Amino acid sequence: MTFAELSTPAALVDLGLMKSNIERMQVRMHALKVRFRPHVKTTKCIEIVQDQISAGAQGITVSTLKEAELFFAQGITDIMYAVGMVPHKLAQALKLIEAGCQLKLIVDSVAAAQAIADYNSAVYNIDDYNNADEIDAAQKNGIARKKRGDGKIAVFIEVDSDGHRSGVKPDAPLLLEIAAALEHENSAARLAGVMTHAGASYDLNTQEALQNMAEQERSRCVHAAERLRQAGFACPEVSVGSTPTALSATHLEGVTEVRAGVYVFFDLVMCNVGICTPQQVALSILTTVIGHQVEKGWAIVDAGWMAMSRDRGTQKQSVDYGYGQVCDVAGRVIPGFIMEQANQEHGIVALSTGIDVDIAKRFPVGSQLRILPNHACATGAQFPEYVVVKGQDVQATWPRFYGW
């Protein structure tokens with residue numbers, strides 16, 4: 001199949017760039033001597049995740065329990081659900097654990113910790129029952145469920161290392177209160193470790209600032225773990241990560257694993273942060289020119305915000321790419337041209353610095369362009385599948401997961 005045969009808009013994944021991005025991150029993690037647990041919310045695609053695991057990743061991070069279910073069904077067992085757990089999702093999570101999934105949950109409140117620790121359908125020890133009938137009765141009555149491993153639900157406490165979003169301050173009394181709530185007598189839970197995400201790194205754009213944020217992320221999460229250990233709690237794991245800090249850290253002493261996701265594709269936000277170039281962005285949207293407004297210098301394409309997403313993450317950065325950077329059909333950046341505006345199914349391609357009076361000649365009706373996304377996670381989410389390409393040759397089509 002050729003590009004001309006594809007229905008547009010289409011989400012293209014450049015296989016060579018993607019593999020290069022995967023290798024770059026994995027080499028970095030090996031050099032820093034930590035496990036790497038990629039965040040698969042970016043792609044939600046089993047074929048891509050299999051490439052990450054083949055490169056050396058150990059386990060995955062997900063943002064929905066539906067992702068956990070679908071990846072577990074594909075044979076991936078070591079999974080962190082990196083969104084705060086709430087009581088009404090516990091049954092869904094425990095069903096995975098009972099099936100053999102090594103699911104890790106996270107909390108940042110005493111209420112959430114207590115809900116897990118006191119869950120009344122928690123695991124039991126099979127030796128406490130005399131026969132299969134008693135076990136069946138216990139399960140049917142919702143009293144207990146089958147024991148897996150040590151019979152405890154692995155829980156991480158989320159640490160706020162940068163004031164960006166969720167988590168507990170590393171010096172807050174709340175940290176120890178949550179640990180105590182998790183590990184009371186007869187608790188269904190165990191404290192598996194601490195984790196953090198330096199999302200504020202997305203606002204930075206110099207190597208020095210990124211290195212400082214990486215060290216802040218590391219040191220604050222390690223400090224939280226040390227406080228827990230000094231208080232008598234086992235805290236074996238220290239999990240940190242964002243794509244910018246993972247690629248900028250100078251050392252990760254005290255850290256056991258790193259999580260990052262968008263690195264697999266990269267995007268224009270990451271270009272502005274300074275950890276990649278547009279030539280390394282592996283995801284692009286193939287679109288077709290459908291008309292012009294010559295007096296305005298516009299070329300109209302069939303990819304609007306339903307294809308690119310509404311994410312305008314570059315708007316507050318050093319370079320505002322509108323809804324995306326325009327490239328030719330071969331994927332080469334066309335300097336100065338961006339998707340300036342977007343309606344639901346219409347995109348407006350224009351020169352960012354003025355009016356191109358030759359726009360109709362430059363981009364004739366029927367010609368194809370590729371648009372690099374602001375935020376790969378958000379743009380990928382608009383499509384049910386990825387078209388995998390090498391150069392301009394279509395190699396495969398890979399489905400993408402959806403749902404919660």
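**Backbone features and element packing in the predicted model**

Asn-186 is placed in the loop that connects helix H7 with strand E7 (189-195), and in this predicted model its backbone adopts a phi near 70 degrees, a positive value in a residue other than glycine. The relative accessibility of Asn-186 is 69%, and because the threshold for exposure is set at over 50%, Asn-186 counts as exposed.

A comparable description applies to Lys-33, which lies in the loop between helix H1 (15-32) and strand E2 (35-36). Phi of Lys-33 is near 60 degrees, again a positive value in a residue other than glycine, and with a relative accessibility of 74% this residue also counts as exposed.

A further backbone feature is found in the segment before strand E1 (10-14), where Pro-9 has its place. The peptide bond that leads from Thr-8 to Pro-9 is cis, its omega being near 5 degrees.

Helix H7, which spans residues 173-182, packs against helix H8, which spans residues 207-230, in that the axes of the two come within 10 Å and cross at roughly 55 degrees. H7 is therefore oblique to H8, since an angle of this kind falls neither under 35 degrees, where helices would count as roughly parallel, nor in the range of 65 to 115 degrees that is assigned to roughly perpendicular arrangements. The crossing in which H7 passes H8 is right-handed. On the side of H7 the contact is made by Pro-173, Leu-175, Leu-176 and Ala-179, and these residues meet Ala-224, Arg-227 and Leu-228 on the side of H8. Classified by residue type, the contact of H7 with H8 comprises six nonpolar residues, one charged residue and no polar residues; Arg-227, contributed by H8, belongs to the charged class.

Strand pairing was examined for E16 and E17. Strand E16 (residues 385-390) and strand E17 (residues 393-399) run antiparallel and are joined by six bridges, and within this pairing Glu-385 has Pro-399 in E17 as its bridge partner. The two strands form a hairpin, with two residues between them. In the turn of this hairpin, Gly-391 has a positive phi of about 65 degrees, whereas the positive values described above for Lys-33 and for Asn-186 occur in residues other than glycine. As regards side-chain orientation, in a regular strand the side chains alternate between the two faces of the sheet.

Terms used: Residues are numbered from 1 along each chain as its sequence is written. This is a predicted model: local features need pLDDT of at least 70, side-chain atom pairs count only at pLDDT 80 or more; totals for chains, interfaces and linings use all residues. Side-chain values use heavy atoms; hydrogens and water are left out. Axes are lines fitted to C-alpha atoms, for helices over the stretch in contact, and angles run from 0 to 180 degrees between N-to-C directions. Helices (H or I, at least four residues) and strands (E, at least two) are DSSP runs, numbered from the N terminus. Angles under 35 degrees count as roughly parallel, over 145 as roughly antiparallel, 65 to 115 as roughly perpendicular and the rest as oblique. A crossing is left-handed if the near helix is turned anticlockwise from the far one by less than a right angle, and right-handed if clockwise. Contact means heavy atoms within 4.5 Å. Buried means under 20% relative accessible area, exposed over 50%, partly exposed in between (1.4 Å probe, protein chains only). Two strands pair if DSSP finds at least two bridges between them.
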